Amino acid sequence: MNIISSLLSKYPADQVTPQDFIDKLTIGNPGWQSAYLAVLLTVIFGLLVYIIPIYLTEKDHQGLYPLYMHTFYCAADFMGIWVFLDTWSKNGHVVLFLLLAIGEAILVLMEIYSLQRALTYEKDINWKPGTSFKTRLRDVIFQVLIFYVSLNLLRFELHDSTMWKFWIFTQILITTVPGLSLERQGSRQGHNVWLHVTLICVVIASFNPWCNMWAIVAPKLFSPANNPWYYITGAVCLFFAVHGLIVYLKLPAKK
């Protein structure tokens with residue numbers, strides 16, 4: 001009953017502050033090596049789930065992410081630029097926060113590139129054939145706007161000054177949706193085996209209870225005891241990421 005009570009009625013109130021980043025990621029502080037290892041793995045896999053789809057879109061003229069994922073990530077990463085620039089300016093100009101802002105800006109540019117491809121290569125997938133470019137562009141702008149204000153509202157209500165609570169939702173989407181979209185699509189176009197293996201690695205890096213960067217930076221908020229839903233979510237994400245790989249392997253080879 002204690003476990004059920006914890007799952008249904010326990011709400012951790014811990015905050016993730018800029019000082020948590022500084023304390024855990026300052027070289028020489030206790031545990032900084034494992035902290036940097038966790039961050040490095042997450043960053044590498046995070047870049048791969050942007051880079052591989054761009055490569056596949058150029059190769060197959062079809063991407064693996066639905067349009068709403070591109071607009072969601074464009075809005076989220078744009079929000080991240082200002083969050084980390086604000087954090088950098090208010091916390092002694094620590095280089096880490098500036099690097100995070102620059103990283104978010106690079107991701108925004110990658111998403112804008114992907115959206116341009118969605119407007120051209122995938123126009124007959126995302127819109128009815130014959131839909132004008134003006135209408136397609138308007139739809140993209142409207143989606144980005146809706147996501148941008150909604151995500152800022154979510155961050156505000158979570159008291160999430162560093163985006164650390166919110167950020168995990170980007171991992172949930174990226175690891176679950178591609179496999180489901182692939183199953184619906186019924187072909188390997190826009191996908192490859194390495195992408196689905198990478199998605200499994202993203203889940204393991206993000207949700208393992210021993211060395212994930214969320215728990216390292218904010219151990220109270222993301223410990224299995226205080227936040228069991230985090231790890232239950234991770235198990236579900238792992239299931240769907242593995243399911244996506246299985247679906248891919250069962251589909252006929254690309255022509």
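A residue counts as buried when its relative accessible area is under 20%. The legends below describe close-up views of a predicted model.

**Figure 1. Histidine 70 in helix α4 and its contacts.**
Histidine 70 is part of helix α4. Its relative accessibility is 6%, so histidine 70 counts as buried. Once neighbours within four places in sequence are set aside, histidine 70 is in contact with Tyr65, Glu111, Ser114 and Leu115. For one of these partners, glutamate 111, the C-alpha atom is separated from that of histidine 70 by 6.1 Å. Along the chain, histidine 70 and glutamate 111 are 41 residues apart.

**Figure 2. The largest pocket and its lining.**
The volume of the largest pocket is about 760 Å³. Its lining is made up of 29 residues. Thr42, Val43, Leu100, Leu107 and Trp167 are the lining residues that lie nearest the centre of the largest pocket. Two or more lining residues come from each of α2 (18-25), α3 (32-60), α4 (67-90), α5 (95-120), α8 (164-185) and α10 (213-217). Helix α3 gives the largest share of this lining, 10 residues. By residue type, the lining of the largest pocket holds 22 nonpolar, five polar and two charged residues.

**Figure 3. The second largest pocket and its lining.**
For the second largest pocket, the volume is about 470 Å³. The lining of the second largest pocket consists of 20 residues, and those nearest the centre are Pro12, Phe169, Asn227, Trp229 and Tyr230. At least two lining residues are supplied by each of α8, α11 (219-222) and α12 (228-250). The lining of the second largest pocket divides into 14 nonpolar, four polar and two charged residues.

**Figure 4. The salt bridge between arginine 117 and glutamate 58.**
Side chains of opposite charge can pair when their charged atoms come close. Over the whole structure, a search finds five salt bridges. In the one shown here, the side chains of arginine 117 and glutamate 58 meet at 2.5 Å, N to O. This pair links distant parts of the chain, with arginine 117 in helix α5 and glutamate 58 in helix α3, 59 residues apart. Arginine 117 has a relative accessible area of 17% and is therefore buried. Glutamate 58, at 28% relative accessibility, counts as partly exposed.

**Figure 5. Aspartate 60, lysine 254 and the salt-bridge network.**
A salt bridge joins the side chains of aspartate 60 and lysine 254 at 2.6 Å, N to O. Aspartate 60 lies in helix α3 and lysine 254 in the segment after α12, so that the pair links distant parts of the chain, 194 residues apart. With 13% relative accessibility, aspartate 60 counts as buried. Lysine 254 is partly exposed, its relative accessible area being 26%. Both residues belong to a network of salt bridges that links Lys59, Asp60 and Lys254.

**Figure 6. A salt bridge within helix α4.**
The side chains of aspartate 86 and lysine 90 meet in a salt bridge, with an N to O distance of 3.2 Å. Aspartate 86 and lysine 90 are separated by about one helical turn, because they are four residues apart in helix α4. Aspartate 86 counts as partly exposed at 36% relative accessibility. Lysine 90 counts as exposed, at 60% relative accessibility.

**Figure 7. Cysteine 211 and cysteine 237, each in no disulfide.**
A search of the whole structure finds zero disulfides. Cysteine 211 takes part in none, and the nearest cysteine sulfur, which belongs to cysteine 201, is 14 Å away. A disulfide would need a pair of cysteine sulfur atoms within 2.5 Å. With a relative accessible area of 23%, cysteine 211 is partly exposed. Cysteine 237 is likewise in no disulfide. For cysteine 237, the nearest cysteine sulfur is that of cysteine 201, at 14 Å. Cysteine 237 counts as buried, at 1% relative accessibility.

How values were computed: Residues are numbered from 1 along each chain as its sequence is written. This is a predicted model: local features need pLDDT of at least 70, side-chain atom pairs count only at pLDDT 80 or more; totals for chains, interfaces and linings use all residues. Side-chain values use heavy atoms; hydrogens and water are left out. On a 1 Å grid over the protein atoms alone, a cavity is a set of points where a 1.4 Å probe fits but cannot get out, and a pocket is an open set with protein on both sides within 12 Å along at least five of seven lines; lining residues have an atom within 4 Å of a point. Grid points are joined across faces, edges and corners, and a volume is the space filled by probe spheres set on the points. Ala, Val, Leu, Ile, Met, Phe, Trp, Tyr, Cys and Pro count as nonpolar, Asp, Glu, Lys and Arg as charged, and the others, Gly among them, as polar. A salt bridge is a side-chain nitrogen of Lys or Arg within 4 Å of a carboxyl oxygen of Asp or Glu. Buried means under 20% relative accessible area, exposed over 50%, partly exposed in between (1.4 Å probe, protein chains only). Contact means heavy atoms within 4.5 Å.
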